[in-house]
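Q: Hi, I'm new to this one and would love a quick tour. Could you walk me through it?

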Amino acid sequence: MESVVSHTRKVVDVDPYTGGEVVRHEKVWNFAIADISLLAFGTSFPQISLATIDAIRNIGSLYAGGLGPGTLVGSAAFDLFPIHAVCVVVPKVGELKKIADIGVWLVELFWSFWAYIWLYIILEVWTPNVITLWEALLTVLQYGLLLTHAYAQDKQWPYFSLPIPRSERPEDWVPAEPVACKLDSGLCDEYSEILHVGEDENRDVVDIFSIHSETRNGVDSVYQQVSGIDESPESSNKKYQEKMVSQDHPFFTLWRQQFVDAVKLESTESRKLNNIYLRLARIFWQLLLAPWRLLFAFVPPYNIAHGWVAFIGSLIFISAIAYIVTQLTDLISCVTGINPYVIAFTALAAGTSWPDLVASKIAAERQLTADSAIANITCSNSVNIYVGIGVPWLIDTAYNYFVHNEPLRIENAAGLSFSLLVFFATSVGCIAVLVIRRLTLGAELGGPKLWAWITFVFFMLLWITFVVLSSLKVSGII
């Protein structure tokens, strides 16, 4: 995401006074569109691919599968409550991060709420218990309306935007990180990512055991290694990486480093720990992650084609995992007798929403504002309905319409509608707390530790309420 959004293009303007050319570089991606399309769509792709696979498996059937819609509604609740809870406590103690562009957030929030109101209308009001081709098509088209409305608000189009002033937003999508070195050949400037692919301790070696000296022209400074320093494993590794940079193609260097990092079970930071049990716990956790890290190491590095190859490659890998998860879920439901909706609301929703959690957590940690962290949550909920449910239903309804001339019927539509009502009621409480935090503390995320953790507990209670009530309803207990 950072690599894609940081892409710039060269623009040449003519100075009206001197007539000379003025060259400037402007961002290709708009912040609001990037949050809604790339960030929200990318992190919601596990749910989208799972629902699409479920729809393709059920194609030709007059009844839609319950796995996809249940997962997407449950994922919406996980996005809104637990992820908000994590983002509130992630900033440093006392640090406040607020939404800079309230207007865009209100637009995103409106379309997020409207998505679930719309879903309830087509399930219970318009055509109860069935979905027609035109309802599915309208659901998908509303995603385009969301993008257009958010862009209009960001650009402050008259008659199409709310007249709400916005705070100054950073120029970069994330704060710029200092570059570890600068080489005369310019290789470090062009492929600065190479020096950031390793562990943090490798960068620390450069910062501590290096000095500045001036180049021949007396302008640019470079790092020189201080002589007489013991070669630790970390410094040797650093020297080896620099040697690879100079002798090998950066593309293959980065890709090779991904596999090295994937199988690394212990970092320098964990080796410095005095508690052997804590070190073993960290090693055990890295051992559990190693197969997945090794699998996704096959995704090409993100410095190719401004990150698009890595972005698309990751989505393909996610789709394959979603297919496996779909098959396992069917087996679990068959063996245990648990309602598929209950599995979708709980395990599947939490599992497929993990990328949303990671993306919002990173945004809450690294960005100067709360815009992307919160926008990812609200936009992911919109994408879940407009794309995650709209596209699978469009596939099934189109087939049924042209082959059987029948609409798509929804099994246990009453349980799904009840879950929508519970979600809507609990989400009002969540948004109310964010508004209260903005009015009292001046920001949605961070703040005093006590109040941050109180907010965390409240959001988690809202999520538990949704899961319990929805599960009891679809199981026929209430």
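Q: Let's start with α17 and α18: at what angle do they pack, and how far apart are their axes?
A: Happy to help! This is a predicted model, and in it α17 (residues 413-440) and α18 (residues 449-474) pack at an angle of about 170°, with 8 Å between their axes.

Q: How are those two helices oriented to each other, then?
A: Angles over 145 degrees count as roughly antiparallel, so α17 and α18 are roughly antiparallel to each other.

Q: Which residues make that contact?
A: On the α17 side they include Phe-418, Val-422, Phe-423, Val-433 and Arg-437. From α18, Trp-451, Phe-458, Phe-459, Leu-462 and Lys-473 are among them.

Q: And how do the residues there divide into nonpolar, polar and charged?
A: The contact of α17 with α18 has 15 nonpolar, 6 polar and 2 charged residues.

Q: Moving on, how do α13 and α14 pack?
A: Helix α13 covers residues 308-336 and helix α14 covers residues 340-352. Their angle is about 130° and their axes are 10 Å apart, so α13 and α14 are oblique to each other.

Q: What is the handedness of the crossing, left or right?
A: The crossing of α13 past α14 is right-handed. Val-325, Thr-329, Ile-332 and Ser-333 of α13 make the contact with Pro-340, Ile-343 and Leu-348 of α14. By class, that contact of α13 with α14 has 5 nonpolar residues, 2 polar and no charged.

Q: What about α12 and α13, how do they pack?
A: Helix α12 (residues 276-296) packs with α13 at an angle of about 130°, with the axes 11 Å apart. That makes α12 and α13 oblique to each other, therefore.

Q: Which residues meet there?
A: Trp-292, Leu-295 and Phe-296 in α12 meet Ser-314, Phe-317, Ile-318 and Ile-321 in α13. The contact of α12 with α13 counts 6 nonpolar residues, 1 polar and no charged.

Q: Changing topic to strands: in which sense do β1 and β2 pair, parallel or antiparallel?
A: Strand β1 (residues 8-14) and strand β2 (residues 21-27) are antiparallel, paired over 7 bridges. Together β1 and β2 form a hairpin with 6 residues between them. In the turn, Gly-19 has a positive phi of about 80°.

Q: Which residue in β2 is the bridge partner of Lys-10?
A: That would be His-25. Elsewhere in the hairpin, Asp-13 stands opposite Val-22 in β2.

Q: There's an open sheet too, so what is its strand order?
A: Its 3 strands run in the order β3-β8-β5, and the pairing is mixed. At the edges stand β3 (63-64) and β5 (130-131), each with a single partner strand, so one side of each has no neighbour in the sheet.

Q: How many bridges join β3 and β8?
A: There are 2, and β3 pairs with β8 (residues 408-410) in the parallel sense. Ala-64 has Ile-410 in β8 as its bridge partner.

Q: Last thing: what is the mean pLDDT of the chain, and where does pLDDT stay under 50?
A: The mean pLDDT of the protein chain is 76, with 79% of its residues at 70 or more. Over residues 175-248, pLDDT stays under 50. For that stretch, the model has 90 contacts beyond four places in sequence.

Conventions:
Residues numbered from 1 in each chain as written. Predicted model: local features only at pLDDT ≥ 70, side-chain atom pairs only at ≥ 80, totals over all residues. Heavy atoms only, no water. pLDDT = per-residue confidence, 0-100. Contact = heavy atoms within 4.5 Å. Axes fitted to C-alpha atoms, helices over the stretch in contact; angles between N-to-C directions. Helix = DSSP H or I, 4+ residues; strand = E, 2+ residues; numbered from the N terminus. Parallel < 35°, antiparallel > 145°, perpendicular 65-115°, else oblique. Left-handed = near helix turned anticlockwise from the far one by under 90°. Nonpolar A, V, L, I, M, F, W, Y, C, P; charged D, E, K, R; others polar. Pairing = 2+ DSSP bridges.
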